[in-house]
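User: Could you walk me through this model? I'd like to start with the overall picture and then look at some details.

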Amino acid sequence: MPDPKPRTPLADQQFFLSPELSDGRGSDDDIDLDIIASTYRSILDENAFEEMMANWETKLALPGAGPEHPKVSSRLFGQLLTFRDTLEKLDLPAGSDPLKLAVSEVPGPAMVLSPNGNIAVINIAGEHAFGGRQGGFLDTSVIAADSLDDYRALLRAATGQGNAAQAILTILPANGDHGASFLAEGYLIRMPGQSGAHVAIRSLEIAWGARIADRLQQAFGLTPAEAEVAHQFFRLRNIDSIAAQRGVSRLTVRTQIKTIMAKMGAPTNIDLMRLLAMIASREHVGLRGEAPVWHDPLGRERRITLADGRQIAWTWMGARQGTPVLFLRGLPMAYLLPREGEARLREADICLYVPSRPGYGNSSMDPGLDVVSDNLVALRAFLDQVVGGPCLGVGLASGAVPLVIEAVANPARFYQIIAVGYSSSIDPSGIPQLPGIQHTMLQLAGSTPWVVELLAKSGHRMMRQHGLDWYLDRAYRNTPINQQTVRNPDWSALIRNACEHLLKQGHVTFVRELQMSRHPLAALLRALPIPMRYMAPLGDPGVDPASCRQLERANPMLTVEPVADAGELVFYQRSDLILDRIIAAVHENRATYANRSMTEPTGMS
């Protein structure tokens, strides 16, 4: 008899191997019951997730408990493990994300744009027809010249600068599979709380399925040649065009179409078109626009293969042959620069390398290694095989952790580090000041990752059902400046891509990222032998200016730059300032290198 299905997938099995459990009696009983009740209710009730998080926060605050030693009884563990098994057996819920529904309701090409033309959501047919990917910008060359004014009017209306709520557009597809052109509807989608509308563009054409020719031959007795003429009539709607494509006379085509009309019982051309459309549409009953998995929206992804066979994927922004700068993102849902940001990098002749860290995007994760070791293996391989010499390292939040560790171990790797955004590894004293969901997750990540894994698995299911905005609203609602950012459609299009990048391989990468965020850096920061600038956003609750000053006193190599008008999403809120610091650091190093080259003696042959 075959072995039963294991309780946990390989990728997250380590979280359940040896949990530390306690008796958990007496005062724990009530809160344990609340945890169990809210956990099971979260399957159907989107608000129960917050209640479940609040219950864990209460449990951590009980006398005798704490972030390092939460009191979890065997009984509670058993109930939660049963809940986890239940989640695995349930079918995925039907999605209710309005943006994703807009591209899945039709089998043909469809996409949703932000007001600045960034692709927020797109289906696979849309990727082929529109020549774009989620997170990238639409190339307007696919909009026919006579439709450009209508398209631009839709974008203006999305920001409240017009009233063009809908339009019919002619699309010149990037891929020849969709013919020379097709018609598409354009309309606005308004999301609750958003500062602007999104623009949906969906094909009005009905694709000619592979089985339609067989249906015409079987049901109406058309010959294969007549079935092909019917297809061309459906697609081109013009006898002269059909004749030119088939290389026959106009009279021949007219005769064939009259024969087809007689066999199909269609007295006029309009009736024939209506009948063909009905047959074609029947082929698509129940079909949906297939959503693509995450892939590099810039279309530049490359991969390196490690000695053990796994792969590290990477992309780049700016000038392809420019001065290398290495950028590692962390948990904040950001990594893609706005279009004007990349233009600044090109002008400064800088190539910003963006590797997908293990578990992100298309980069392999090694579940046999702890998250820090796994990231160091990937970082060192990328520096050796792609970057080569010393470079500037930029880390967003927890993305700074492997940079600092490597800089202490191998000082020649980087000439400077820029850490952007609050990192609990840099200043763990800020964790209790974070919003409830964030600080509870971080507290549990260190001692009981199996609890965080369960919470993340439940949250991932909720995101699949209610859309990424369900998560973004809960993650950022307590910080007004972050809330304002995620409610801007232009930023949310980029943030959506960052979410998909993190979650492509499942929720486990999120859990490992939390563990990375708990890795202590205090001793390493004191020993750091190269300059590091810490850009600390003052609008992030975790940032404590007094603690920042202590960092500077601990190591003169550290410079703390308080950043006003920014929170966790500082990468978007102050992208110009971040680029200023990157460009200045590169220019300073270029000048230092040039001066050194001029003063060094010339060797004699």
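**Contacts, cores and a loop**

Analyst: In the protein, 69% of the contacts (heavy atoms within 4.5 Å) with a separation of 6 or more are between residues 24 or more positions apart. This is a predicted model, in which local features need pLDDT of at least 70, side-chain atom pairs count only at pLDDT 80 or more, and totals for chains, interfaces and linings use all residues. Residues are numbered from 1 along each chain as its sequence is written, and side-chain values use heavy atoms, with hydrogens and water left out.

User: How many of the residues count as buried?

Analyst: Of 605 residues, 54% are buried, meaning under 20% relative accessible area with a 1.4 Å probe and protein chains only, whereas exposed means over 50% and partly exposed lies in between.

User: Which residues have the most contacts inside the largest nonpolar core?

Analyst: They are Trp56, Leu326, Met333, Leu392, Met532 and Tyr534, in a core of 127 residues; such a core is a set of buried Ala, Val, Leu, Ile, Met, Phe, Trp, Tyr and Cys residues joined through side-chain atoms within 4.5 Å.

User: And where does that core lie?

Analyst: Domain 1 (30-60 + 73-85) and domain 4 (302-430 + 520-594) both contribute residues, so the core lies between them; the domain bounds come from an automatic or database domain assignment.

User: Switching topic, is serine 195 buried or exposed?

Analyst: Serine 195 is exposed, at a relative accessible area of 58%.

User: What does serine 195 touch?

Analyst: Leaving aside residues up to four places away in sequence, serine 195 touches Arg487, Asn488 and Pro489.
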